[in-house]
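Colleague: Hi, I've got a new model open and could use a quick tour. Can we talk it through?

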Amino acid sequence: MEKSPKINIIYEDNHLLVIEKPVGIPVQADSSNAIDLITILKEYRIKKENKKGDAYIGLVHRLDRPVGGIMVFAKTSKAASRLSDEIRKNNFHKTYYAVVEGTLPKEGKFEDYLIKNEKENISYVSTKEKGKYSCLEYTLISKNKLNNRSFTPNKSSVFFKTSSSSGRL
């Protein structure tokens, strides 16, 4: 079994774990058999809390494998149920930050129909008949700077903040 990477724990109490998901790690086990975040967090709880046997980690939302960011996990089934209820009621707000190449207006919206290639786990723009509606609104943060630090992987890089009203990006 591959060695578990160190996970940055941002917040923890008796009910929740808030962590920084590294890029490239799946949230849950998949066909790649790569180490996944749920397994890593269960191992963390077993070691930290001297648990015998399994530890509960409730998955209430996901980030795709190539994406890094902040995630919330439940440490109890009751917390998982309450968090899931908040998500169903649209009280759980996700904000995404992205680096893209090219130029964008200061604000905008992308509306498309997406279809997912399950084998590759990648979504593509499709037709209304085949795809699911996706709406992404964004606000430009800066060009070639992030948090007052120069960042120029490409002279036309821009940083933007977005949220998805459809739940699909």
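**Core, loops and surface**

Modeller: Sure, starting with the core: the largest nonpolar core has 14 residues, and those with the most contacts inside it are Ile7, Ile19, Leu37, Leu41, Ile57, Met71 and Phe73. A nonpolar core here is a set of buried Ala, Val, Leu, Ile, Met, Phe, Trp, Tyr and Cys residues joined through side-chain atoms within 4.5 Å.

Colleague: Which elements each supply at least two residues of this core?

Modeller: Those are β2 (16–21), α1 (37–48) and β4 (69–74). The largest share, 4 residues, comes from α1. Helices (H or I, at least four residues) and strands (E, at least two) are DSSP runs, numbered from the N terminus.

Colleague: Okay, and where do these numbers come from?

Modeller: This is a predicted model, so local features need pLDDT of at least 70 and side-chain atom pairs count only at pLDDT 80 or more, while totals for chains, interfaces and linings use all residues. Residues are numbered from 1 along each chain as its sequence is written, and side-chain values use heavy atoms, with hydrogens and water left out.

Colleague: How many helices and strands does the protein chain have?

Modeller: There are 2 helices and 11 strands. From the N terminus on, they run β-β-α-β-β-α-β-β-β-β-β-β-β.

Colleague: Leucine 83 caught my eye. Buried or exposed?

Modeller: Leucine 83 counts as buried because its relative accessibility is 15%; buried means under 20% relative accessible area, exposed over 50%, partly exposed in between (1.4 Å probe, protein chains only). Leucine 83 lies in helix α2 (residues 77–88), and its C-alpha atom is 9.7 Å from that of leucine 16, 67 residues apart along the chain.

Colleague: New topic: what's odd about the phi of asparagine 33?

Modeller: Asparagine 33 has a positive phi, about 60 degrees, although it is not a glycine. Asparagine 33 sits in the loop between β2 and α1, and at 68% relative accessibility it counts as exposed. Asparagine 50 also has a positive phi, of about 50 degrees, and is in the loop between α1 and β3 (58–59).

Colleague: Last one: which residues form the positive surface patch?

Modeller: Arg62, Lys94, Lys116 and Lys132. Patches take residues with over 30% relative accessible area and no salt bridge, joining like charges within 9 Å and nonpolar side chains (Val, Leu, Ile, Met, Phe, Trp, Tyr) within 5 Å. A salt bridge is a side-chain nitrogen of Lys or Arg within 4 Å of a carboxyl oxygen of Asp or Glu. Lysine 116 is in strand β6 (residues 107–117) and counts as partly exposed because its relative accessibility is 41%.

Definitions and conventions:
Accessible areas come from the Shrake-Rupley method with a 1.4 Å probe; for residues, only the protein chains shown count as cover. Lys and Arg count as positive and Asp and Glu as negative; His and the chain ends are not counted. The place of a charge is taken as NZ of Lys, CZ of Arg, CG of Asp or CD of Glu.
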